[in-house]
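Work through the exercises below with the sequence and the structure side by side. Each task is followed by a solution that goes step by step.

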Amino acid sequence: MSDGADGPNGATARASTAVDCLGAVRQLWDCLDGELTEERMRIVRAHLERCAGCYPHFDFERKFLDALAATRPECVAPAELRERVVRALRAAGFTARS
């Protein structure tokens, strides 16, 4: 029986502050890319720090990204190409983030 804390999908309010192994692994790339909110990042990192099953996934993916960044050559797209991409994005409706 519900205690009134259920949300629209039947999940309790507490469930939104925790993450299980599947949820942590699904959010690893977003976590590593810094694309989660500060609160979500804290929740996922807390799970990874205490879960011996999930941490190796996090550690591998972090090391993979570090190795990839270290091996790729620094290159800058020509100005003409960048301008064409920006024009195409604008034509598709994208705007710059503020």
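**Exercise 1.** Find out how far apart E39 and R42 are in helix α3, and state what separation along the helix this gives.

*Solution.* Begin with the element: in this predicted model, helix α3 covers residues 38-50, and E39 and R42 both belong to that helix. Next, consider the spacing, which is three residues, so the two are separated by about one helical turn. Then look at the side chains, which meet in a salt bridge with a distance of 2.7 Å from N to O. Finally, check the surroundings: E39 is partly exposed, with a relative accessible area of 42%, and R42 is likewise partly exposed, at 47%.

**Exercise 2.** Examine the pair K63 and D59, and decide for each residue whether it is buried, partly exposed or exposed.

*Solution.* The side chains of K63 and D59 meet in a salt bridge of 3.2 Å, taken from N to O. Both residues sit in helix α4, which spans residues 55-71, and because they are four residues apart there, about one helical turn separates them. For the accessibility, take each residue in turn: K63 has a relative accessible area of 48% and is partly exposed, whereas D59 has 16%, and since the limit for buried is under 20%, D59 counts as buried.

**Exercise 3.** Describe the salt bridge between E80 and R84, and then state which residues are joined into one network by salt bridges that share partners.

*Solution.* In the salt bridge of E80 with R84, the closest N and O atoms are 3.8 Å apart, which falls within the 4 Å cut-off. The two residues lie four residues apart in helix α5 (residues 79-91), about one turn of the helix. E80 is exposed, with a relative accessible area of 55%, while R84, at 45%, counts as partly exposed. As for the network, salt bridges with shared partners join D59, R62, K63 and D66. The structure as a whole holds five salt bridges.

**Exercise 4.** Identify the residues that make the nonpolar surface patch, and name the helix that gives the largest share of the patch.

*Solution.* The patch has an area of about 430 Å² and is made by W29, F60, F64 and L68. Its largest share, three residues, comes from α4. One residue to inspect is F60, whose place is in helix α4 and which, at 58% relative accessibility, counts as exposed.

**Exercise 5.** Which residues make up the largest nonpolar core, and which helix supplies its largest share?

*Solution.* First collect the members, twelve residues in all: V19, A24, L28, C31, L36, M41, I43, V44, L48, C51, C54 and F58. Then assign them to helices: α2 (28-32) and α3 each supply at least two residues of this core, and the largest share, four residues, comes from α3. As a general background, nonpolar side chains in soluble globular proteins tend to be buried together. To look more closely at one member, select C54, which touches C21, V25, H47 and L48 when residues up to four places away in sequence are not counted.

**Exercise 6.** Summarise the protein as a whole: how many helices and strands does it have, and what share of its residues is buried?

*Solution.* The protein has five helices and zero strands, and along the sequence the pattern reads α-α-α-α-α. Of its 98 residues, 17% are buried. The protein exposes about 8100 Å², and carbon and sulfur atoms supply 57% of that area.

Technical notes:
Residues are numbered from 1 along each chain as its sequence is written. This is a predicted model: local features need pLDDT of at least 70, side-chain atom pairs count only at pLDDT 80 or more; totals for chains, interfaces and linings use all residues. Side-chain values use heavy atoms; hydrogens and water are left out. Buried means under 20% relative accessible area, exposed over 50%, partly exposed in between (1.4 Å probe, protein chains only). Patches are made of residues with over 30% relative accessible area and no salt bridge: like charges are joined within 9 Å, nonpolar side chains (Val, Leu, Ile, Met, Phe, Trp, Tyr) within 5 Å. Accessible areas come from the Shrake-Rupley method with a 1.4 Å probe; for residues, only the protein chains shown count as cover. A nonpolar core is a set of buried Ala, Val, Leu, Ile, Met, Phe, Trp, Tyr and Cys residues joined through side-chain atoms within 4.5 Å. Contact means heavy atoms within 4.5 Å.
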